[in-house]
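Colleague: Got a minute for this one? I'd like to go through it with you.
Modeller: Sure, put it up.

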Amino acid sequence: MGLSSVTTVSEGIQFCIFDLRRGQHEGEELDKILFFFPADLPFSTQLSVIGLSEGLITFTRIFSPEAACEVIEAERHSHVFYQAEPDIWMVMIVEKNKDAEAIWRIDALQRVLKEVHSLFLMFHGSVRALLEKEPGGGLTRNHLYSFIMDYLSDFLVGKKLHLPSFRDCLKESGTVQMLTVGREAAIEVQSLVKALESCAGNTACNSLVLFQDLLVSTTLSPDDTVKLFTYAVLRLTPRALSSGLSSWSYLHKGNTASHVTSGSILPNSGSGSEQFNVSSDTSPGRQDQRYHVPRPLQRDKWSKKKDGFLVTDIWGAEVGSLISATPTVWLQHTEERMYLCVYQQKNLTIILLIPVSFMVNGEQGISLVKQQVLENVSILSLLCCILVHIFC
Amino acid sequence: MKLVQCSSEERFKFEFVFQQSTQPFTEIRKPVVKSRNWKLIEKDDTIMFGKPSSAQPNVGLSGSGAMSHVYIQHPPLRCSIDGSRGLFYDDGNKLLLSLTSSQVFTWKTVPHVPLLAPNSDSIDEGPVLSIRYSLDAKIIGIQRSNHEIQFRNRETGETFIQWFKPESESILGFFWTDCPTCDIVFVKTSGLDLFSYESELKSLRLVETKRLNVSWYVYTHESRMVLLASGMQCKTLTGFQLSSGGVIRLPKFEMAMAKSEANEKPVLAAEDVHILTVYGRIYCLQVDRVAMLLHSYRFYRDAVVQQGSLPIYSSKIGVSVVDNVLLVHQVDAKVVILYDIFADSRAPISAPLPLLLRGLPRANASYSQSSSKDMDNMETNEMNDLEGTLYGDDWTFLISDLICDTAKGFLWRIHLDLEASLVDFYFVWFLKMSIKLSSFGLQAIAASSSDVPSVLEFIQRRKLEPYKAKQLCLTITRAVILERRPVYMVARAIDVLVTSYTHSVKTGSSIHGRAVEKTSTSGKHVDSSRAVADDTMSRVETHGKSVKNESSGGVESETRQARSEIVDNESFNPTTYSTMNRSSTCLASEENVNLESLKTNSGVFPGEPLSGDLRCLGAKEDSKKQMGAEISRAEGEPSSLQSQMPGPISEQQESRVASPAISPDEMYSFVFALVDEEMTGDPAYLVAIIVEYFRSAASERIKVHPNMYVLTVQLLSRSERYAELGLFIVNKILEPSKEVALQLLESGRQNVQTRKLGLDMLRQLSLHHDYVVLLVQDGYYLEALRYARKNKVNSVRPSLFLEAAFASNDTQHLAAVLRFFSDFIPDFKSTPDHSTYLRILNEMNSPIAA
């Protein structure tokens, strides 16, 4: 049983991404659809939803050419628009329930859209770039589908998709929670950070240090910090690792009972694409084999190894070896692709980002860096103690 | 002994073969480095280690152009007297004595003045077994036989003889002491007799007797310790310390002696036992001839603890201590090995290298002979001979850094070449690591870079040349940063410097010495001697003469000597202190050494380490004052001798440096500021180093120079790492100050967040004026007015606000600002500002009205 089949009945949610530049000609309309949820809706319905949105966007542009349309409140539905990239729109249509809060919820929903996009950007780069890489759109659709479905799985409660409510938008989503430390601890942290960043030799590394779900230190730009922090809280922190539950703290904090393991609900990527690719004119089977689509948001895929490093097979394995490939992320600020190296000790999570371009020998270089990191373990434990002391 | 010269290609393969005369085919192979291929070149203040362009061939064992870590400086103190019957060394007074049949000639060995004329005293004829001056230098004690000791008052010439009746016991020797209960101690085969000297009665009064069988004894005044040997093998030793604090009996202990093959039991001889004082701790070194080991023992108040053994490569061993570095002379091999026994490691800090004779005019003999005819031919020959006498049979090693050539009547002082031994230090480390490398592989690579901190530690412990030591430390620190060595290693190096600094602050030896209140106290003997020790400047004041320059050796070393004693007193745990001579002891008492810190430093081992003179406080004040007078008088002479050679100013500064410790100010100006100038590329590395410095300083609770924070802001904003900069500010890693705030504002031109941080900091620091001015500059003149009103800032010119309001082209705002000043500043209406802007306001309003 897939997510798509459950959620159509739960809450009237429709979520689509389309490209205004595509499908301009008669009969090619399907081409503009990059993502549609639920995927099992007939194409005609999908097209009418997208057509309506497109119409609204074009229409409102007449009155406000500078600022694009954000929300349309209809009688029974709210339409939330977000122009993620030029001409690439994300639209969420949510059925209104009786609560008066429904209108106020828009902010939270907008944030979801932004977050999905920024995370996607971090892992896969921009949608436009993907489309340019493969104009057919299959690659993009595969990426978007698996990514967003994985993302949405966090909102599953039972068989229902619970998107953030009004209250949630007042809370902490999209921000970074810092752990306040004293001067000496801060110096220790910085000292450690410098030591870690020097592990890769002269390469300019970046790092993010978290204590539990709180940020202790970052050397990334604010934007990238938010993204990576969000991802870390979602998938990497000890809490995210141990419980296997969604760490959407504002959604499910302390609410484990209502959770089902995601594995049974989520279709595997193959069947997912199949369902989705019905819309596409290319053969879904072959397409799927052609692209390996990493699913960074897939749950329960990160595990802690004995040496303290977190590993995952999401990015597949290197050709001819059993070692999992090291994940990479795209930094907006420096416009660089970075290896993601995660180390965890007790409550302390350290994310080390090493520029791909500097690592000439790839995985081998990474394992060298890891060794270097391990040599600093004693400082790490010390730091851990200090932070625990501060925290408690 | 063969010394194998290596070619430059195989400079890492070393071989050093000793062939010992007694064991013809026993070769002791030791990894030994020929460091003379390596030279420390100081260029542009940056240390570079490299080979000199052409590896010069070794000129003998002590080629004068060669580098060596230990050297003796020519000319020596000449103490040959016609008709001399023998030389004696009185370590209590640091006097070298030469006897003729009716006279005794004395030379002060401190300071080292080569051409010093001896003092003489006449004595009665007769056999002399030993001779020692009393510590106040008034009485000469002469041991005439095993049963009699003669005393002679130097002023009156009166003599008397102390006899010992029983035939069963004989006198082994005697020494004067500053113990409060007695003045002189006789060591007899039956034990110790402690006497006090009654000058009026011309007799000795027996104070105390310690009964035990004694075969031989060893005493050094420096440690105030006498070791008495007993037993068949003479290896059972009992120690007494007769310091100004009283008499302490140490537990009896056995020396380790390996058995020889024939199962004969070797007998320990007095010359195999050496008492030394290093870093204020008392050690005993014992030569085990069978095992070819040098065992070391450390003395504590209630225990004697064996510390480990050092290998020896010669049947004859000489032991010296220079600036707390232990020198073991391997006499047969004619080399010397250095150890720093502060650290637990028994590894030498240098490879065995020959002793160098410096200052010999032999190197340029070829032309000097022709040019300077006045040079005595005999003299030249003698000098050429000198090299051959190095480690000759006539050499006697005197406590603690003197060598006496008894045949020639020369007294040499041993010097340490800090830079040369550093090169060695580096090298030995490297060698050790390269050996490890082969056996342990990768591991050693990380370990090998730990050399720099150890080097710095070593230099920081050197007190004889604090200025040089400090410069070396600064240079090395700069070099390791510029070379971008691994951060953790630089961090450890910085730790060493910071710890050393806090230590020196705690113990009170500040960087600039204690150059105060000299002239005012110069009337007092003790203080004038102290003034000399403190600071050569004082001599300029007291004697009206300048300091001599480096090459002439004499006063310099005297000053150093005296200073080092005081420095030692202050910077090493004075509880264990026993090397102080009398004058410095007095200083300790007068300068109120922090007794708190004394206590805290002791007691790591079973007992409190044995201490020397510190407990003398006020014990024998009178005699000391006299002694102080003597010393200050004596010290006056050499300085007048050297007065015609005024030293450069820098040297005076140089001599002001009392400790190699590096203050935070110097850390900034001589390390970070300079490094920042020279360093190119990504500043991230330097930031990392600075963070390590902050960490180190924070852990030692010392304040760093405020400019360090400014520098950090500059570096971070230079690389556009504003996020980190924010973290640094928010977490107060960079402590708020006006300078930092202004730098933030400056750097914030490219980044609004950073500028905001700067503004916030100004506000937090209550720098209202600057805050208001900046708000106005940014165009927030209304906020600025509100803030100014609230915080009563009256110092900002109204015209600034008015200009800003005018620039915004908003008549209402301008009117408001004008009104504000009219209301709150009493006589604003009469100022030209008011009329000017009122007119402007009217002009601005008029078009609208029209």
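Colleague: How much area does chain A expose, and what share do carbon and sulfur atoms supply?
Modeller: Chain A exposes about 17000 Å², with 55% of it supplied by carbon and sulfur atoms. Accessible areas come from the Shrake-Rupley method with a 1.4 Å probe; for residues, only the protein chains shown count as cover.

Colleague: Any ground rules before I go on?
Modeller: This is a predicted model: local features need pLDDT of at least 70, side-chain atom pairs count only at pLDDT 80 or more, and totals for chains, interfaces and linings use all residues. Residues are numbered from 1 along each chain as its sequence is written, chains are lettered from A and ligands numbered from 1 in the order in which they are written, and side-chain values use heavy atoms, with hydrogens and water left out.

Colleague: What is the secondary structure of chain A?
Modeller: Chain A has 16 helices and 14 strands. Helices (H or I, at least four residues) and strands (E, at least two) are DSSP runs, numbered from the N terminus.

Colleague: And what percentage of chain A is buried?
Modeller: Of its 392 residues, 56% are buried. Buried means under 20% relative accessible area, exposed over 50%, partly exposed in between (1.4 Å probe, protein chains only).

Colleague: Let's pick a residue. Where does A:F123 lie?
Modeller: A:F123 lies in helix 4 of chain A, residues 106-124. Its relative accessible area is 4%, so A:F123 counts as buried.

Colleague: What is A:F123 in contact with?
Modeller: Leaving aside neighbours within four places in sequence, its contacts include A:F147, A:Y231, A:P296 and A:W315. Contact means heavy atoms within 4.5 Å. The C-alpha atoms of A:F123 and A:W330 are 5.9 Å apart, yet 207 residues separate the two along the chain.

Colleague: A:K32 next. Buried or exposed?
Modeller: Buried, because A:K32 has 9% relative accessibility. A:K32 sits in the loop between strand 1 (13-19) and strand 2 of chain A. Not counting residues up to four places away in sequence, A:K32 touches A:D19 and A:E54, among others.

Colleague: Backbone oddities now. Which peptide bond is cis?
Modeller: The one from A:F37 to A:P38, with omega near 0 degrees. A:P38 is in the loop between strand 2 (33-37) and helix 2 (43-63) of chain A.

Colleague: What about phi of A:D87?
Modeller: Phi is positive there, about 70 degrees, although A:D87 is not a glycine. A:D87 is in the loop between strand 4 (77-85) and strand 5 (88-95) of chain A. In chain B, B:Y279 also has a positive phi, near 50 degrees. B:Y279 counts as buried, because its relative accessibility is 2%.

Colleague: Over to the interface. How much do chain B and chain A bury between them?
Modeller: About 1700 Å², 59% of it on carbon and sulfur atoms. Buried area is the accessible area (1.4 Å probe) that two parts lose on being put together, summed over both. On the chain B side, B:L727, B:N731 and B:I733 lose the most area to chain A, together 29% of what that side buries.

Colleague: How many salt bridges does the rule find across the interface?
Modeller: Three. The rule wants a side-chain nitrogen of Lys or Arg within 4 Å of a carboxyl oxygen of Asp or Glu. One pairs B:E735 with A:R183, the closest N and O atoms being 3.4 Å apart. Helix 16 (684-699) and helix 18 (722-730) of chain B are the elements that give two or more residues to the side touching chain A.
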